[in-house]
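Reader: I am new to this structure and should be grateful for a close look at a single part of it. Please set that part in its wider context afterwards.

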Amino acid sequence: MLTPCYVVEEEKLIKNLEILKRVIDRTGCHILLAQKCFSMFSVYPLIGHYLNGTTASGLYEARLAHEYMDGENHIYAAAYREEEMDEIVTICDHIVFNSFSQWTKYKKLAQEHKIECGIRINPQCSTQEGHAIYDPCAPFSRMGVTKENFRKDLLEGISGLHFHTLCEQDSIDLVTTLQAVEEQFGHLLPQMKWLNLGGGHHITKEGYDIEKLITNINRMQNKYDLEIYLEPGEAVALNAGYLLTEVLDIIENGMSIAIVDTSAACHMPDVLEMPYRPSIEGAFYANEKKYTYRLGGPTCLAGDIIGDYSFEDALKVGSRLKLCDMAIYSMVKNNTFNGMKLPSIVLKKGDMMETIKVFGYEDFKMRLS
Ligand SMILES: *Cc1c(COP(=O)(O)O)cnc(C)c1O
């Protein structure tokens, strides 16, 4: 197996999909894959077997879903470009607008194509701390219409409301958010056909309270006669893949530093952006075991550091490491800064490793001129 590569484990993906399907079966809600998190289209047919469809952040994701997955094709963007709208209305069945000005601008076109249109609301209810860049309810957020700016007079033709405020959260945070939504927008819900609860529901994470999610979906459906949508990204492919990397060199500067053939900046940007520490199979926190290393990428970025880890046995040039939970927000975000090679994409089915795609120089050159 050539490194670096993302290895997606079909079995683990299916395990997540089965959990999500149980939520669908027990509530009648619709669950969509948020493609911005995971766009490995070679497994779209498999995902489409369990979920109701996809949601896109723009035309290209919507087109990918149109090409590779049956089912519903939703789209939300903070603003749409005029020249993209003609294609969007032919491939999408639901369009969520971020403002009443965008809705007014595209209303006629959307209605001609019998699109179900929604408005994204901002319930101004932050349920997370620490990740301000992932909080759409932070002050001055551009995501969604607040109660103060809502235009009830322009609702004719709108069939749904959409909110997305959670990030890696449990169902108790959804309950808190639903309370805010009902307080501020509850009077509008009886006239809606659907309500989209966005993503950020960590449904497939161990310990997530699924019963509370189900109770609340059912409650909202019954109380307001609504169809409920969820559009998780992370929960679909959580812990379903790893990034395999190889040690290229080991150097010393006050501590041992292992240079690996993958880069935090290029292949797992969330490690630096979020930031977080990926877990590595067979590795521990620094100094817990005999051999501690700082793991860094081969780029020239001084901060291209994955983290400090300790191991029972010394690492050597050629040692291989499995960085866990790397199916999500990895492939979709990676880049070729420094001319870095993009990791190959591998699908593991049982004991079989199927290399789906290998990247090379052309993939770097293609985006430059
Ligand atoms: C990011 C996003 C999602 C998916 O979020 P996850 O945290 O990956 O579940 C869903 N809907 C919208 C509008 C998003 O921006």
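Author: The part chosen here is the loop between α5 (100-112) and β6 (116-120), where K114 is found. This is a predicted model, and the description that follows should be read accordingly. What marks K114 within this loop is its backbone: phi is near 55 degrees, a positive value in a residue other than glycine.

The backbone has further points of note, beginning with its cis peptide bonds. One of them joins T3 to P4, with omega near -5 degrees. P4 belongs to the segment that precedes β1 (5-9). Another cis peptide bond runs from M274 to P275, and there omega is near -20 degrees. P275 is placed in a loop as well, namely the one between α10 (270-273) and β12 (284-285).

These local features sit within a protein of 11 helices and 17 strands. The radius of gyration is 22 Å, close to the 21 Å that the globule rule gives for 369 residues, so the protein is as compact as a globular protein of that length. Measured out along the principal axes, the C-alpha trace spans about 65 × 45 × 40 Å.

The domain assignment of the protein provides the next level of context. Domain 1 covers 11-237, while domain 2 is made of 241-326 together with 334-366. To the contact between them, domain 1 contributes 11 residues and domain 2 contributes 10 residues. The C-alpha centres of the two domains are 33 Å apart.

How much area is buried between domain 1 and domain 2? The value is about 720 Å², and carbon and sulfur atoms give 58% of it. On the side of domain 1 that touches domain 2, the residues comprise seven nonpolar, two polar and two charged. As for specific pairings, the rule finds zero salt bridges across the interface of domain 1 and domain 2. It does find one residue pair in polar contact across this interface, with both residues at pLDDT 80 or more.

To return to the part first selected, K114 combines a positive phi value with a position in the loop between α5 and β6.

Terms used
Residues numbered from 1 in each chain as written. Predicted model: local features only at pLDDT ≥ 70, side-chain atom pairs only at ≥ 80, totals over all residues. Heavy atoms only, no water. Domains from an automatic or database assignment. Contact = heavy atoms within 4.5 Å. Buried area = accessible area lost by both parts, 1.4 Å probe. Salt bridge = Lys/Arg side-chain N within 4 Å of Asp/Glu carboxyl O. Polar contact = N/O pair within 3.5 Å; in protein donor to acceptor, adjacent residues only side chain to side chain. Nonpolar A, V, L, I, M, F, W, Y, C, P; charged D, E, K, R; others polar. Helix = DSSP H or I, 4+ residues; strand = E, 2+ residues; numbered from the N terminus. Rg over C-alpha atoms; globule rule 2.2 N^0.38 Å.
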